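The following report is meant to be read beside the sequence and the model, and it moves from one helix outward to the domains and the ligand.

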Amino acid sequence: MRTAYTADQIRAAEHRLMARLPEGALMQRAASGLAAACATMLGKVYGSRVTLLVGSGDNGGDALYAGALLARRGARVEAVLAGSRTHEAGLEAFLLAGGRAVEAGTGTIERADLVVDGLVGIGASGALREPYRELALAADAAAAPTVAVDVPSGVDASSGRVEGAAVRAALTVTMGARKTGLLVDPGAALAGEVELVDIGLGPYLPDPDVVALTGADVAALLPRPAAESDKYRRGVVGVVAGSDQYTGAAVLAVGGALLAGAGMVRYAGPGEPVAQVRSHWPEAVITELERPSLDGVGRVQAWVVGPGLGTGDWAREMLAQVLASDVPVLIDADGLTLVARERDLLGRDAPVLVTPHAGELSRLTGAGRDEIEADRLRHARGAAADLGVTVLLKGSTTVVAEPDRPVRVNGTGTAWLATGGTGDVLSGVAGALLAQGLGCYDAGSCAAYLHGLAGRIASSGAPLHAAGVAAAVPAAIRELTGRELTGRPAPR
Ligand SMILES: NC(=O)C1=CN([C@@H]2O[C@H](COP(=O)(O)OP(=O)(O)OC[C@H]3O[C@@H](n4cnc5c(N)ncnc54)[C@H](O)[C@@H]3O)[C@@H](O)[C@H]2O)[C@@H](O)CC1
Ligand SMILES: [K+]
């Protein structure tokens with residue numbers, strides 16, 4: 001599990017650790033980790049050109065001490081001192097090691113082999129001010145890669161928000177613990193690779209603000225069929241999706257559920273989608289409905305409701321019946337539009353997982369779509385608390401929020417997944433995990449991981465289509481679990 005913390009959490013931990021160490025010890029640890037990461041990136045340090053962008057705080061101090069270490073190894077290191085003041089001891093060490101302070105306009109950024117962004121770290125507030133803003137833009141325009149110290153300047157360490165200009169890093173060397181803003185877009189997209197330097201903060205850290213599951217975490221959570229499993233015990237998913245107008249959503253949601261390991265998928269819908277589901281998935285157990293009713297559809301362990309369902313009376317009645325059941329329910333797409341109109345539908349005891357994108361969450365909560373995109377964490381948390389449900393907010397980083405638990409973030413996806421129908425597949429995958437007994441929090445976060453990985457497999461750097469993502473789900477599971485698909489050790 002990768003953990004991340006807000007700036008306040010980091011500061012509090014640093015204070016407690018610093019009280020036990022000699023003055024400046026933490027910064028030395030941070031700087032030597034930073035210098036080592038820069039050296040690796042440069043390949044050959046001797047004779048290379050490194051330009052430091054140095055702000056007025058300790059973030060600049062880290063950069064200066066690291067610059068001193070690189071200068072001692074023979075790099076030509078120049079520092080642009082951008083603040084109204086500069087970390088004094090750091091500057092002294094830097095100059096003593098042979099580093100040079102230069103003006104911004106001297107072409108130093110353009111000539112560099114590596115740019116080190118030490119403008120601001122966890123002490124930043126608001127959009128980058130001049131001259132920091134201009135320096136961030138110059139670093140972005142330069143040919144050399146940028147290594148960000150602690151966080152890319154311009155990215156809010158606690159949320160991943162970006163107001164105005166920000167540094168785009170190839171690598172972020174973060175001190176003591178990951179910051180939340182490095183795992184959540186738009187910040188995560190600007191951080192590049194993230195390398196963590198251990199400065200001894202571990203014992204002083206509180207519970208994390210956000211966490212990201214690793215492949216091993218997901219593999220450990222994924223249900224596996226046991227020798228005595230049968231289709232009923234493995235989990236039966238009910239899918240209420242699609243309409244005479246939108247048939248594809250039904251096919252994709254059923255496919256996602258089947259390929260994510262459900263023991264059985266029951267599909268209930270009107271004539272058109274029934275014909276489509278039947279021809280694509282002969283495995284599904286289908287009930288063709290004459291009227292909106294679940295009578296006679298049979299027992300399931302979890303429902304998926306909403307993709308392509310429409311928002312008329314039929315859809316509303318189906319949603320109400322699904323929610324009247326006593327099993328976990330995943331609500332997506334049109335189901336969310338209906339719930340936005342009629343919040344009382346959510347009043348039930350059994351768990352609910354909602355899977356909106358920013359536009360659907362906007363309908364649910366009334367917050368603007370752009371506002372949600374800019375601060376995904378806050379809005380997902382707020383909606384989970386307000387609605388009393390688990391919220392999986394889709395997007396370039398998917399976030400899964402449940403009251404009183406750290407938000408789980410997922411970055412396995414690819415931008416190629418932003419295409420029609422992939423959300424329907426995700427709802428099926430998550431529904432299969434719910435039916436197999438995972439709670440909403442685990443089912444949502446494991447489904448997001450698998451779906452992202454399946455997207456990468458389906459894409460391989462080229463366009464993908466939603467059915468291809470569903471087809472790649474078994475390969476994603478195989479990649480996580482090795483070949484150990486039966487619950488027995490993998491054959492050698
Ligand atoms: N506290 C510690 O012991 C350690 C701190 N470390 C480093 O110290 C950093 C935090 O240092 P500071 O608390 O001094 O804060 P920062 O260096 O992050 O930034 C504070 C300075 O930036 C200016 N500033 C804030 N927002 C700005 C904006 N939008 N535009 C332009 N200027 C802005 C402030 O006026 C202030 O002078 C960490 O990110 C990390 O890099 C590390 O060395 C590890 C140890
Ligand atoms: K920085």
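## Helix H10 and its surroundings

The cover over the buried residues of H10 includes strand S11 (236-240), strand S12 (264-269), H11, strand S14 (302-305), helix H17 (422-435) and helix H19 (466-481), where helices (H or I, at least four residues) and strands (E, at least two) are DSSP runs numbered from the N terminus, and where contact means that two C-beta atoms, placed from the backbone, lie within 7 Å. This is a predicted model, in which local features need pLDDT of at least 70 and side-chain atom pairs count only at pLDDT 80 or more, while totals for chains, interfaces and linings use all residues. Residues are numbered from 1 along each chain as its sequence is written, and chains are lettered from A and ligands numbered from 1 in the order in which they are written.

Eleven of the twelve residues of H10 are buried, a residue being buried if 20 or more other C-beta atoms lie within 10 Å of its own, exposed if 12 or fewer, and partly exposed in between. Among the buried residues are Val 251, Leu 252 and Gly 255. The end C-alpha atoms of H10 (residues 248-259) are 16 Å apart, which agrees with the 16 Å expected at 1.5 Å a residue, the expected span being 1.5 Å times one less than the number of residues. Just after H10, Gly 261 takes a positive phi of about 100°.

His 280 belongs to helix H11 (residues 271-280), and His 280 counts as partly exposed because 18 other C-beta atoms lie within 10 Å. Leaving aside neighbours within four places in sequence, His 280 is in contact with Val 251 and Gly 255; from Leu 252, His 280 is 28 residues away in sequence and 9.5 Å away in space, C-alpha to C-alpha.

## Domains and ligand

The domain assignment, which is automatic or from a database, gives the protein chain domain 1 (2-210) and domain 2 (215-481). Their C-alpha centres lie 40 Å apart, and eleven residues of domain 1 are in contact with 13 residues of domain 2.

Around ligand 1 there are 28 residues, of which Gly 57, Asp 58, Asn 59, Gly 121 and Gly 123 come nearest; a residue is near if its C-beta atom, placed from the backbone, lies within 6 Å. H3 gives the largest share of this shell, four residues. The table lists the elements that give two or more residues to the shell.

| Element | Residues |
|---|---|
| helix H1 | 7-18 |
| helix H2 | 25-42 |
| helix H3 | 58-72 |
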